[in-house]
Amino acid sequence: MALGEEPAAGALEDGAEDEALARGGALEAFGESAEVRALLGSLRKVLGDRAAREGALERFRVIMDKYQEQPHLLDPHLEWMMNLLLDIVQDKTSSVDLIHLAFKFLYIITKVRGYKTFLRLFPHEVSDVQPVLDMFTDQNPRDHETWETRYMLLLWLSVTCLIPFDFSRLDGNLLTQPGQMRMSVMDRILQIAEAYLVVSDKARDAAAVLVSKFVTRPDVKQKKMAGFLDWSLHTLACSSFQTIEGVIAMDGMLQALAQIFKHGKREDCLPYASTVLECLEGCRLPDSNQTLLRKLGVKLVQRLGLTFLKPRVAKWRYQRGCRSLAANLQHCAQSQKESKVHMETPDSDGDYDIPEEVESVIERLLVGLRDRDTIVRWSAAKGIGRIAARLPKELADDVVGSVLDCFSFQETDNAWHGGCLALAELGRRGLLLPSRLEDVVPVILKALTYEEKRGSCSVGTNVRDAACYVCWAFARAYEPQELQPFVAAISSALVIATVFDRNINCRRAASAAFQENVGRQGTFPHGIEILTAADYFAVGNRASCFLVISMFIAGFPEYTQPMIDHLVTMKINHWDGVIRELSAKALHNLAQRAPEHSATHVLPRLLLMTQSLDLHTRHGAVLACAEVARGLYRLAVQESRPVADYLDEAAVQGLKQIHQQLYDRQLYRGLGGELMRQAVCILIENLSLSKMPFRGDVIIDGWQWLINDTLRNLHLISSHSRQQIKGAAVLALAALCSEYYALETGEADPARQDELIRQYLADLQSPEEMARCGFSLALGALPRFLLKGRLQQVLAGLGAVTVIRPEDVSFAESRRDALKAISRVCQTVGVRAGGAPDEVVCEENVSQIYRTLLGCLHDYTTDSRGDVGAWVREAAMTSLMDLTLLLGREQPELIEASVCQQVMCCVAQQASEKIDRIRAHAARVFMALLHSHGSPVPHVPHRGELEKLFPRSDVASVNWNAPSQAFPRITQLLGLPTYRYHVLLGLAVSVGGLTESTVRYSTQSLFEYMKGIHNDPQALEGFGGTLLQVFEDNLLNDRVSVPLLKTLDQMLANGCFDLFTAEQDHPFSVKLLALCKEEIKKSKDVQKLRSSVAVFCGMVQFPGNVRRKVLLQLCLLLCHPFPVIRKTTASQVYEMLLTYGDIMGEDVLDEVMTVLGTTAWDAELPLVRVQRNRLCDLLGVPRPQLVPKVTARPLAL
């Protein structure tokens, strides 16, 4: 990110990404200059402190990284930053570590701003050459901690090589002693360059820069260039890209050669170009799996090609005119004509001989266009553009033809992508003449929709993106009149890519290309209006593109038909199911824009596609048929016309036969059957809603069979698509029954009603859970006329599904769906106080419905998936809310006070439990019941206090998922006696839970409440009594009792019951002890036993006989059969005595502590028992006696 902010959770959403992009260029100046100056000035101080040194380096890196997107803002400050750091480097008193640190800071600046801008700021006087060379003597190329130093020194040396003096003047007298020669400066620099061209770190890149500056000097090229090229070519030939060392060496050589042929004069490099090309061909770089080597090979090849050709500007190239807007406005039409005449001038250098090697270069670049890596293809495309600019017109046209060969459907997506990049480069440089556009534009239009399926996905995203780049480049390259013949095709293709491409980057690229054409060409129809609706940010949402933006654009007739045809041709058979579904929905919308075209051309074509052998085509076509038919029906209704005006008899018959054709071909079976079942269910729903004239037709029985068979065999469908298919079948059933199963009088067909209800109620007892789910929801979806007279049967059947039996304990999903169905049935039949129980919700059946729903709030079933009962409880709360609000609106007298109290208390309990999602849902239900719209729900306990504790504003402002916000509010209900029991039951599970955030905030909230009643005996008595009641009601229920023991331990340790310790044998402590003893009796649950030990230790603070009994329990646990319990007990008792040491004398206390601390409690039981008995004597409690096991005597014969 440009500004260095940490991305927030969920920042992968399109909106957050767009915001980050919008802020990318928001910086206006280098705002941290003072801080950076202080950082650089403090390097000497922080050198000795490793933490401070690394902190300074990291801080500097963070500051610089903020300017990665706008590095030019650093330019006014580069000089003083470099001077501060170079002062350290050039200071003779600076330590080696300080110099390395300074170079690290220099490298960070270079990384952000780029070495080319940074180079010219280095000192480059004659006097700087020797010091820089001397610094290399202290460098170790193998030291990977200091590579930044060597990188920066090589860059510095490359600048000093530009001094305008012969290097021999710096050598002086090379003869130092008789027989010994000192190495010349020229040789030293070359030796350093050659040494660092084969290292494995980034210094290799700087060495290549050094070589390009050094070897191309006039004095060096005469003496050293040939030798260096021989050495580099020999190294290249002897290296293999199969080894790491070979790859490193080849990388260095290729970089150096490419830099030399880039910066060297043509006449100096031309004699060696053929040799280098020959050596390069021998290296077989295209066969390498190293992307960087292939890229460097392509780069070197294009540099060699440019060396073979004379530098010139092709006079035949197309020139659009002056690129300055102000200058363009001043030109008249005549000057534009003159410009075009100049463009057509024949090539005056037509007799220029093209070396044979150029053909080889172009061939290598065309191979590079087909490379498997983008950076290689991009380099090859730029090379083709550069070389074509120096070729005669005829040869350049041949190159264009060769590039167009990349667009054969026998070629891979790599070739298509490379071809697009090359065309864009040629067009941008004016090398693609307007006469070629009629060949190029059709190819680009194909590339804009290129997609090739590979297994379960596809390739071609990069091709479509590059095709958008070509359209963008053409907009800038050509005059509007040149592109005028192709405007309709290009504009439609770009609009289609903008709204219908699967990939967000392609949609945005197409939007940018469309915008460029609108601005530069001015000929795209309705360009401004479309850009306003489909800008960079709007096209980020795929569903919005397909369903909203496309509908707006289709309002312009130029685009309507191409968009519809594209969906039918390219998207209905797409490999991605989501795209097929979105395309079908888009056709539903677009059919209303072009009804005649959709009815006469699209629908017949789609009907043929439903018989395709390809699964994706068949699936998409069925979905599209359903949506188009529904769209045409809606249009007919809006226009008050008969649907037959749009759908002729052939289309209606074709739609009716889809199911039978699929059934006859057995296409509902297997994996493909899943997709077809879902699609045909959607077809049934849409045709039913469209009131197709099929009443009494045999096809209705076929549709009903499909729905029933799908619901009955849901367990055979893969889990990832099961919910979607179940939902589609239920919606299809609802629409089918509503349209075709009612008589003209509005009543149900008795035979059909009896068969359907009887069959579905029988299927509710299926041994398959998924079948129960499906038929439960199916009963819930039945229309009112089918439920009339059968309501009691349906409610009884659904109620039976919600009951937990031993054989179906884990059928949580079926119980959940049955609850949803009960709620929906109640909504469907409505409420009438004096109505018949078989027809509406009334006084006679409402109590039973509430009992069923409230009973499901106690479903805490767990299996390998976790707390699956949470699904049931969530559905039960939703159903309770829907039913209660329905009764409150229409017949509030049916809500009894006791029932309303139960509902509110049970929901409050769920709102205080440990699962965030369930807690949040319960809180929303609680608030909805408390603040219902319209008439308030009657008999809500403590309504006045609740409205103060939970104002209506909390509905929107509080995040109930967050424990930090939920628990402080929920614990306030402990002060209301009606809610205390249930809230305490939920809180006990949360406080004693495992999730850190839940435990922390629930504990804090509970202790905050306890602090308020700490000195109120009456309130504390009431709270304690309720707590003990919760414990007693949930004895041996591990889901509650184990976390409750942990909660009690925390409350005792926190002094919540200090008021009770003033009284001997307080009833609270007596009953608590009895409950704890009963809970752990014969228990083998280690977690429960450990929690009970902690509670017993906390209860020592209660005086009287309770304390003796507690100590006796602890002594019993010291000889528990489990060694881990014995050790835990000893440790806890030791800590307890440290806390409550005043319960016995100091002399006894010391001895007890000694026994506890020195005994190996995990030893054999007889040895431990001796020490335990000694403790009993010291503590004044009776020694436990072993109870002999009674064995039954054999009966006398």
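Helices (H or I, at least four residues) and strands (E, at least two) are DSSP runs, numbered from the N terminus. The model is predicted: local features need pLDDT of at least 70, side-chain atom pairs count only at pLDDT 80 or more, and totals for chains, interfaces and linings use all residues. Residues are numbered from 1 along each chain as its sequence is written, and side-chain values use heavy atoms, with hydrogens and water left out.

**Exercise 1.** Compare the span of helix H12 with the expected value, and locate its kink.

Solution.
1. The expected span of a helix is 1.5 Å times one less than its number of residues.
2. H12 covers residues 218-238, which is 21 residues, and 30 Å is expected.
3. From first C-alpha to last, H12 reaches 29 Å, close to that value.
4. A kink of about 55° is centred on lysine 224 in H12; the bend at a residue is the angle between axes fitted to the seven residues ending there and the seven starting there.

**Exercise 2.** Find which residues of H12 are buried and which helices they pack against.

Solution.
1. Buried means under 20% relative accessible area, exposed over 50%, and partly exposed in between (1.4 Å probe, protein chains only).
2. The buried residues of H12 include Val220, Met225, Phe228, Leu229, Leu233 and Leu236.
3. Contact means heavy atoms within 4.5 Å.
4. The buried residues of H12 pack against helices H10 (185-196), H11 (203-215), H13 (244-263) and H14 (266-282).

**Exercise 3.** Repeat the analysis for helix H51.

Solution.
1. H51 (residues 1017-1033) has 17 residues and reaches 24 Å, close to the 24 Å expected.
2. Among its buried residues are Leu1020, Phe1023, Leu1027 and Phe1031.
3. Their cover includes helices H49 (977-991), H50 (996-1013), H52 (1038-1053) and H53 (1067-1080).

**Exercise 4.** Decide whether alanine 956 is buried or exposed, and place it relative to glutamine 1101.

Solution.
1. Alanine 956 lies in helix H47 (residues 954-957).
2. Its relative accessibility is 75%, so alanine 956 counts as exposed.
3. Alanine 956 and glutamine 1101 are 145 residues apart in sequence and 46 Å apart in space, C-alpha to C-alpha.

**Exercise 5.** Test the whole protein against the globule rule.

Solution.
1. The protein has 58 helices and four strands.
2. Its radius of gyration is 42 Å, well over the 33 Å that the globule rule gives for 1197 residues, so the protein is more spread out than a compact globule.
3. The radius is taken over C-alpha atoms, and the rule is 2.2 Å times the number of residues to the power 0.38.
4. Of the 1197 residues, 54% count as buried.
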